[in-house]
Amino acid sequence: MSTKRLLGVFAHPDDEGMVSGALLQYSTSGLETGLIYATRGEVGEIASPSLATPETLGEVREGEMRAAADILGVHDLWFLGYRDSGMAGTPENEDPGAFINARAAEVVGKLVEIIRQFRPQVLITFDESGGYGHPDHIAIYRYTTSAFHAAADGVLYPELGPAHSTSKLYYASPARRQLLMMADWIREQNYEEMFKDVDPNTLGLADDQINVVLDVEPWQETKAHSWVAHRTQMHSMNMFTRLPAELQRKWRNTEYYQLATSRVGPDVVGENDLLARVI
Ligand SMILES: [Zn+2]
C-alpha cells in the first residue's frame, strides 16, 4: 500500500481556507492530509463576546480548527505552540512567545520532526508575500521552505528521525486575477482605507507564477461549511464575510498554486495536479 500524503503548514487556524478545496479533493480520493499551525491565532478578532474572551481565544480557535479539519477530512493536526504575533507594528509583536520571535533552528526542527514522521509527498505553505503580508505568514513560509530541504538531509537534525525527501513544495496564495475581480466591489464598499497602501495589481500570484489551477467547484459548499466553523473569525472586519454570495462563490471555486521546488521535475502547463509525477 502506498498511501500518498499532503501536508499544509500555516500560521493561524483558518489560513487553510485558501487550500481547503485541495484538502477535500485529495482526501476524497484517498490521500492522507495533515495540517500544521504555528499558533492558535490568539490575537484574532472575536466575532461575539459569547464565543470567547481574549484569554480563551487560542483554546477556542483550536476547537474551531478541529471542527473545520473534521469537515475537510484532515485527521492529522499539529500546533507548534507559538503565540500569534499580530499584525505588523502592533504591541503583540513584542511578546517573547510570539512566533516571529522564535528561534529559527527550533521552528525548523519542529517542522522537520513532523515531516519525517508524516512523510508527505507534497508540502504546501504561503508564498513569500504571506498572502497579505502578515508577519506570521511570512515567517511560516520561510521556515517551511527551510524544513523542506532540512528534512531530506540526514546530516541535519539526526536525532529527529530518518531523512525524508518530500517530492514537491507548493506556495499557495490568492491569484492576482481573483483580487482584481474583487477590486471594483472593494472600491464600492469604501474599503479604500483597508487597501490604501496596497495596489491589487501587485498582490497575489501573477499568472506567470501559477503552475497549478485547481477547479474545486465540486467542493464549494463543503469548503464554505469548513470556513464558517471558524466562528470567532466570522466578524464584520473579515472582508470575506461581507462579500456578496456570487463573489464568494467565485473566490472559492478555484485555487492557485506555485511550484516552489520539485524533486520530480516541473509541472506541465494544463496538468493541474499537485500530485503529478509523485510516486
Ligand atoms: Zn493567518
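1. A quick definition before the helix pairs: the axes here are lines fitted to C-alpha atoms, for helices over the stretch in contact, and angles run from 0 to 180 degrees between N-to-C directions. Keep in mind that what you have on screen is a predicted model. With that said, take α3 and helix α5 (residues 135-151): their axes come within 9 Å and cross at roughly 55 degrees. Angles of 65 to 115 degrees would count as roughly perpendicular and those under 35 as roughly parallel, so α3 and α5 are oblique to each other. The crossing of α3 past α5 is right-handed.

2. Who makes that contact? On the α3 side you'll find A104, V107, V108, L111, V112, I115 and R116, and on the α5 side Y143, T144, S146, A147, F148, A150 and A151. Sorted by class, the α3 contact with α5 comprises 11 nonpolar, 2 polar and 1 charged residues.

3. Now the other pair, helix α6 (residues 176-188) and helix α9 (residues 245-252). Their axes are 10 Å apart and the packing angle is about 165 degrees. Anything over 145 degrees counts as roughly antiparallel, and that label therefore goes to α6 and α9. This time the crossing, α6 past α9, is left-handed. Helix α6 brings Q178, L179, M181, M182 and W185 to the contact, while α9 brings L247, K250 and W251. The split for this α6 contact with α9 is 6 nonpolar, 1 polar and 1 charged.

4. M182 deserves a click of its own. The residue sits in helix α6 and has 0% relative accessibility, so M182 counts as buried. Leaving out residues up to four places away in sequence, M182 touches M239, F240, L243 and W251. W251 is also one of the α9 residues in the helix contact from the previous point. If you want a long ruler across the model, M182 and V9 are 173 residues apart along the chain, and their C-alpha atoms are separated by 27 Å.

5. On to salt bridges, where the count comes to 10. Start with R61 and D14, whose closest N and O atoms are 3.6 Å apart. The cut-off is 4 Å, so the pair still qualifies as a salt bridge. R61 belongs to helix α2 (residues 57-72) and D14 to the loop between β1 (5-10) and α1 (20-28), so this bridge ties together parts 47 residues apart in sequence. Which side of the buried/exposed divide does R61 fall on? Relative accessibility is 3% for R61, so this arginine counts as buried.

6. Helix α2 has a second bridge to look at: R40 with E62, the closest N and O atoms being 2.5 Å apart. R40 comes from the loop between β2 (32-39) and α2, E62 from helix α2 itself, and the two are 22 residues apart. Burial divides the partners: R40, at 24% relative accessibility, counts as partly exposed, whereas E62, at 16%, counts as buried. The line between those two classes is drawn at 20%.

7. R249 and E217 also meet through their side chains, at 2.5 Å from N to O. R249 is in helix α9 and E217 in the loop between β6 (212-215) and α7 (220-228), so the bridge joins parts that are 32 residues apart in sequence. Both ends are partly exposed: R249 has a relative accessible area of 32%, and E217 has 29%.

8. Not every bridge stands as a simple pair. K168, D267, E271 and R277 are linked in a network of salt bridges. R277 is worth a look for its backbone too: phi is near 70 degrees, a positive value in a residue other than glycine. R277 lies in the segment after β7 (254-262) and is partly exposed, with a relative accessible area of 33%.

9. R119 is another non-glycine residue with positive phi, here near 55 degrees. You'll find R119 in the loop between α3 (104-118) and β4 (122-126). With a relative accessible area of 32%, R119 is partly exposed.

10. Last, a small side chain: S226, in helix α7. What does S226 touch, not counting residues up to four places away in sequence? Its contacts are S20, A68, I71 and L72. S226 has a relative accessible area of 2% and is buried.

Key
Residues numbered from 1 in each chain as written. Predicted model: local features only at pLDDT ≥ 70, side-chain atom pairs only at ≥ 80, totals over all residues. Heavy atoms only, no water. Helix = DSSP H or I, 4+ residues; strand = E, 2+ residues; numbered from the N terminus. Left-handed = near helix turned anticlockwise from the far one by under 90°. Contact = heavy atoms within 4.5 Å. Nonpolar A, V, L, I, M, F, W, Y, C, P; charged D, E, K, R; others polar. Buried < 20%, exposed > 50% of the residue type's maximum accessible area, 1.4 Å probe, protein only.
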